[in-house]
Amino acid sequence: MAHANCKTCAFYEDHIANNTHQLDDAGLCRANPPVSQTEPDSRGLWPVVQASDWCGKFATAFAAE
């Protein structure tokens, strides 16, 4: 897998990074549920990752339901 990075992963969302602005060469990892925050009234956030990052959950497509 020469190009198994976040940008080519099915769980990568090249979009607004947990707030109102776009980050250069970054997106959200949607492989897991959002991470809880320390304050009870704060909403969870998805991890912000660089397009060139990688992890062990890389997938090119979603699993069949």
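In this predicted model, Leu-28 has Val-48 as its bridge partner in strand 3. Leu-28 also serves on the other side of the ladder: Leu-28, in strand 2, is the bridge partner of Glu-13. The two bridges just named belong to two strand pairings. Strand 2 and strand 3 are joined in the antiparallel sense over three bridges, while strand 1 and strand 2, the latter covering residues 26-29, are joined in the antiparallel sense over two bridges.

Taken together, these pairings give an open sheet of three strands, arranged in the order 1-2-3 with antiparallel pairing. Strand 1 (12-13) and strand 3 form the edges, each pairing on one side only. In general, the strands of a sheet pair through backbone hydrogen bonds, in either a parallel or an antiparallel manner. Beyond the sheet, the inventory of secondary structure is brief: the protein contains three strands and zero helices, and its pattern along the sequence reads β-β-β.

The next topic is the interior. Of the protein's 65 residues, 20% count as buried. The largest nonpolar core consists of eight residues, namely Cys-6, Cys-9, Phe-11, Tyr-12, Cys-29, Val-49, Ala-51 and Ala-59. Among the contacts with a separation of 6 or more, 47% join residues 24 or more positions apart.

Ala-59 offers a way to follow such contacts residue by residue. This residue is placed in the segment after strand 3, and it belongs to the largest nonpolar core. Ala-59 counts as buried because its relative accessibility is 15%, and the limit for that class is under 20%. Once neighbours within four places in sequence are set aside, Ala-59 is in contact with Thr-8, Cys-9, Ala-10 and Phe-11. For one of these partners a separation can be stated: the C-alpha atoms of Ala-59 and Phe-11 lie 7.2 Å apart in space, although the two residues are 48 apart in sequence.

Thr-60 is likewise found in the segment after strand 3, yet its class of accessibility is another one. Thr-60 counts as exposed because its relative accessibility is 67%, and exposed residues are those over 50%. Between the C-alpha atoms of Thr-60 and Phe-11 the separation is 8.3 Å, with their positions 49 residues apart along the chain.

Lys-57 belongs to the segment after strand 3 as well. With a relative accessibility of 43%, Lys-57 counts as partly exposed. Residues up to four places away in sequence aside, Lys-57 touches Cys-9, Phe-11, Ala-31 and Asn-32. Cys-9 is 48 residues from Lys-57 along the chain, and their C-alpha atoms are separated by 8.8 Å. Cys-9 and Phe-11 therefore appear among the contacts of Lys-57 and also among those of Ala-59, and both are members of the largest nonpolar core; Lys-57 itself counts as partly exposed.

The cysteines require a separate account. The count of disulfides in the model comes to zero. Cys-29 is in no disulfide, and the nearest cysteine sulfur, belonging to Cys-55, is 5.6 Å away. Seen from Cys-55, the closest cysteine sulfur is that of Cys-29 at 5.6 Å, which is too far for a bond, because a disulfide requires sulfur atoms within 2.5 Å. The surroundings of the two residues are classified as follows: Cys-29 is buried, with a relative accessible area of 18%, whereas Cys-55 counts as partly exposed at 38% relative accessibility. Cys-29 is also one of the eight residues of the largest nonpolar core.

A last topic concerns the aromatic rings. A pair of aromatic rings is described by the distance of the centres and the angle of the planes. Across the whole structure, a search finds zero aromatic pairs. A ring does take part in an arrangement with a charge, however: the charged end of Arg-30 sits over the ring of Trp-46, at 3.7 Å from the centre of that ring.

Notes:
Residues are numbered from 1 along each chain as its sequence is written. This is a predicted model: local features need pLDDT of at least 70, side-chain atom pairs count only at pLDDT 80 or more; totals for chains, interfaces and linings use all residues. Side-chain values use heavy atoms; hydrogens and water are left out. A nonpolar core is a set of buried Ala, Val, Leu, Ile, Met, Phe, Trp, Tyr and Cys residues joined through side-chain atoms within 4.5 Å. Buried means under 20% relative accessible area, exposed over 50%, partly exposed in between (1.4 Å probe, protein chains only). Contact means heavy atoms within 4.5 Å. Rings of Phe, Tyr and Trp (its six-membered ring) pair if their centres lie within 6.5 Å; planes under 30 degrees apart count as stacked, over 60 as edge-to-face and the rest as tilted. A charge sits over a ring if NZ of Lys or CZ of Arg is within 6 Å of the ring centre and within 35 degrees of the ring normal. Helices (H or I, at least four residues) and strands (E, at least two) are DSSP runs, numbered from the N terminus. Two strands pair if DSSP finds at least two bridges between them.
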